[in-house]
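Grab a pencil and work through these exercises with the model open beside you. Try each task before you read its solution.

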Amino acid sequence: NRRSRWLNLIFKTFIVLLLVAVLWYELNSRDHLASIWQEFKSRLSSENPFWLLAAILLMPFNWLAETRKWYQFVRRYEPDMSRWRAVRAVLSGVSFSLFTPNRVGEYGGRILYIRPEHHWKAIIANVVCNISQIVVLIAAGLPGALWFMLRHWHVEPLFVQAFALMTAITLVILFVVYFNIGLLVPLARRIPLLHRIKHFVKDIRVLEQFSRRELTDVLRWSAIRYLIYATQYFCLLHFFGIETGVLGGFSGIAAIFLLQTSIPLPPVTGLMARGGLAIQVWSVFHANEISALAATFSLWIINLILPALVGTFSLFYVNISKNLGYDD
């Protein structure tokens, strides 16, 4: 009805304005942005733009891979979910995730495109996809980070051994949990606190439907997405004049990706914390502070900000009040 349409419009406009306003404030309150912009313009006029163009062109494939993972599970109980609608859901999740720790906001963005009775199923599917990405991140990050530390940081062998042991144990646990994800169902049913969330207890049975073949397929798409993201970063390093070599570059990227997961900050507010980590890593290749920050900042703009803007305006094509259960 007319009232519902107006409420939807007001709510969507509020979300768009809020996200744009917070993003604008965060960008304008950061140090080094003027220097990063000058560095970008200087490189754009003096360097071959191929590396920058390659990083930009890879961005859609990054999020298509993420969509493919989630869509594989969601289409079971949302048969009318088209691939294009799934893409919009994923991009809307990016918008919400910018301002939440460890990007938990992406759950809220995606369920806006799911019928109310299937919200918990969509969230559980998203958890499985995120676990697969973490498994890939650790599996790829461990050898890269160890090689980088031994080659460039010259840290104490005892620390390296302890780091390798802890990460390896975590990886084994993640693999066991991931490929036996259905075993979490009886465990969840025994937790008294979860019984207060009746829909969750009922819908967690979805985990029993994930076959190992499907889980392996999702893991493969997670690995593809990791490779795309790392390649984008490598291209941006070259664009900003940070010559690392292939092995040095990808091992450094693996170290950054692995270590930055321990920073429980929203992507917006945690950008400079991640930038500080990048400065430490790329300084071994004699990269200056601004170039290291510029490469990290550019990756953030290409892979998060641009998709988030698309996802934010995609909200105008979804009936939010209906999908949240407030409108029939």
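**Exercise 1. Work out how far apart in sequence the contacting residues of the chain tend to be.**

Step 1. Take contacts in the chain between residues at least 6 apart in sequence: 76% of them join residues at least 24 apart. Contact here means heavy atoms within 4.5 Å.

Step 2. Know what you're looking at: this is a predicted model, where local features need pLDDT of at least 70, side-chain atom pairs count only at pLDDT 80 or more, and totals for chains, interfaces and linings use all residues. Residues are numbered from 1 along each chain as its sequence is written, and side-chain values use heavy atoms, with hydrogens and water left out.

**Exercise 2. Describe the chain's secondary structure and surface.**

Step 1. Count the elements: there are 14 helices and zero strands. Helices (H or I, at least four residues) and strands (E, at least two) are DSSP runs, numbered from the N terminus.

Step 2. Look at burial. Of the 328 residues in the chain, 50% are buried. Buried means under 20% relative accessible area, exposed means over 50%, and partly exposed is in between (1.4 Å probe, protein chains only).

Step 3. Now the surface: the chain exposes about 16600 Å², and carbon and sulfur atoms supply 67% of that area. Accessible areas come from the Shrake-Rupley method with a 1.4 Å probe; for residues, only the protein chains shown count as cover.

**Exercise 3. Classify the packing of helix 3 against helix 13, then against helix 4.**

Step 1. Two packed helices are described by the angle between their axes and the distance between the axes. Axes are lines fitted to C-alpha atoms, for helices over the stretch in contact, and angles run from 0 to 180 degrees between N-to-C directions.

Step 2. Helix 3 (residues 50–74) packs on helix 13 (residues 289–314) at an angle of about 55°, with the axes 9 Å apart. That makes helix 3 oblique to helix 13. Angles under 35 degrees count as roughly parallel, over 145 as roughly antiparallel, 65 to 115 as roughly perpendicular and the rest as oblique.

Step 3. The crossing of helix 3 and helix 13 is right-handed. A crossing is left-handed if the near helix is turned anticlockwise from the far one by less than a right angle, and right-handed if clockwise.

Step 4. Find the residues. On the helix 3 side, the contact includes Leu52, Met59 and Trp63, and on the helix 13 side it includes Ile302, Leu304 and Pro307. Sorted by class, this contact of helix 3 with helix 13 has nine nonpolar, two polar and no charged residues. Ala, Val, Leu, Ile, Met, Phe, Trp, Tyr, Cys and Pro count as nonpolar, Asp, Glu, Lys and Arg as charged, and the others, Gly among them, as polar.

Step 5. Switch partners. The axes of helix 3 and helix 4 (residues 83–97) come within 9 Å and cross at roughly 110°. So helix 3 is roughly perpendicular to helix 4.

Step 6. This crossing of helix 3 and helix 4 is right-handed. Its contact residues divide into ten nonpolar, one polar and three charged.

**Exercise 4. Decide whether glutamate 66 and cysteine 129 are buried or exposed, and list what they touch.**

Step 1. Glutamate 66 is found in helix 3. With a relative accessible area of 2%, glutamate 66 is buried.

Step 2. Leave aside neighbours within four places in sequence, and glutamate 66 is in contact with Val90, Arg110, Gln133 and Arg225.

Step 3. Cysteine 129 lies in helix 6 (residues 119–153). Cysteine 129 has 0% relative accessibility, so it counts as buried.

Step 4. Not counting residues up to four places away in sequence, cysteine 129 touches Lys69, Trp70, Phe73, Val218 and Ser222.

**Exercise 5. Examine valine 284 and histidine 286.**

Step 1. Valine 284 is found in the loop between helix 12 and helix 13, and histidine 286 is found in the loop between helix 12 (271–282) and helix 13.

Step 2. Valine 284 counts as partly exposed because its relative accessibility is 25%. Histidine 286 has 75%, so it counts as exposed.

Step 3. Valine 284 and histidine 152 are 132 residues apart in sequence, yet 6.7 Å apart in space, C-alpha to C-alpha.

Step 4. Check the backbone: phi of histidine 286 is near 65°, a positive value in a residue other than glycine.
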